Amino acid sequence: MNTRFAVATHIMAYLAHSSGQPVSSDVLAGSAGTHPVVVRRLLGTLAAAGLVRSQRGSGGGTLLARSPADISLLDVYRAMQQAEPDLFQVGSTTPNHQCDLGRVMQQTLEGLFGPAIEAMYTALAAVSLAQLQQQLHQRLADCCSQSSA
């Protein structure tokens, strides 16, 4: 399983935290612990989805294209899914229909995965980038107050 969604969410949270100031891919990569090329690829995908925009020139970088309250984690997830097939995709498999299990596997998995996928979509849609930002700030406050004690 890849980390595209997790890293993209990290990038989006960092941009929300930057309060409208452009952030370079090098800074985002340093925070996410990945290579700037990876970040630039993800930013391209996020830009194509209308979630981020670039500001060129001196002091340029990437900004959120919309308010953090108007971006859900489902928006980020869907942007990342456009570039890569869904983890739960069973329609593209070709089981052996001569096998008893092969004849019924696809339909069975679709019946099982469908409700799980819908529950995940509902959960991601319920969390905005602003809410994620609030949770991160709370964890930072808890972390920092404990370490200084």
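## A pocket to start with

The second largest pocket is lined by Thr9, His10, Ala13, Tyr14, His17, Ser31, Leu132, Gln133, Leu136, His137 and Leu140. Two elements, α1 and α6, give two or more residues each to this lining. By class, the lining holds five nonpolar, six polar and no charged residues. Here Ala, Val, Leu, Ile, Met, Phe, Trp, Tyr, Cys and Pro count as nonpolar, Asp, Glu, Lys and Arg as charged, and the others, Gly among them, as polar.

The volume of this pocket is about 230 Å³. A pocket is found on a 1 Å grid over the protein atoms alone, as an open set of points where a 1.4 Å probe fits, with protein on both sides within 12 Å along at least five of seven lines; lining residues have an atom within 4 Å of a point. Grid points are joined across faces, edges and corners, and the volume is the space filled by probe spheres set on the points.

## The model and its overall fold

This is a predicted model, in which local features need pLDDT of at least 70 and side-chain atom pairs count only at pLDDT 80 or more, while totals for chains, interfaces and linings use all residues. Residues are numbered from 1 along each chain as its sequence is written, and side-chain values use heavy atoms, with hydrogens and water left out.

The protein chain has six helices and two strands, arranged along the sequence as α-α-α-β-β-α-α-α. Helices (H or I, at least four residues) and strands (E, at least two) are DSSP runs, numbered from the N terminus. Of the 149 residues in the chain, 30% are buried; buried means under 20% relative accessible area, exposed over 50%, and partly exposed in between (1.4 Å probe, protein chains only). Among contacts (heavy atoms within 4.5 Å) between residues at least 6 apart in sequence, 62% join residues at least 24 apart.

## The nonpolar core

In soluble globular proteins, nonpolar side chains tend to be buried together. The largest nonpolar core here has 29 residues, and Ile11, Met12, Leu46 and Leu64 touch the most other members. Such a core is a set of buried Ala, Val, Leu, Ile, Met, Phe, Trp, Tyr and Cys residues joined through side-chain atoms within 4.5 Å. Two or more residues come from each of α1, α2, α3 (36-48), α4 (73-82), α5 (100-125) and α6 (129-147), and α1 gives the most, with seven.

Leaving aside residues up to four places away in sequence, Ile11 touches Leu28, Val39, Leu42, Leu43 and Leu46. On helix α3 you will also find Thr45, which counts as buried because its relative accessible area is 15%. With the same sequence neighbours left out, Thr45 touches Arg4, Ala79 and Met80.

## The loop after α1

Ser19 lies in the loop between α1 and α2, and so does Gly20, with α1 spanning 4-17 and α2 spanning 25-32. Ser19 is exposed because its relative accessibility is 61%, and Gly20 is exposed as well, at 56%. Most residues other than glycine have a negative phi. Ser19, however, has a positive phi, near 50°.

Gly20 also has a partner far along the chain: Leu64 is 44 residues away in sequence, yet the two are 7.4 Å apart in space, C-alpha to C-alpha.

## Cysteines

How many disulfides are there? The count is zero, where a disulfide is a pair of cysteine sulfur atoms within 2.5 Å. Cys99 is partly exposed because its relative accessible area is 35%, and Cys143 is partly exposed at 47%.
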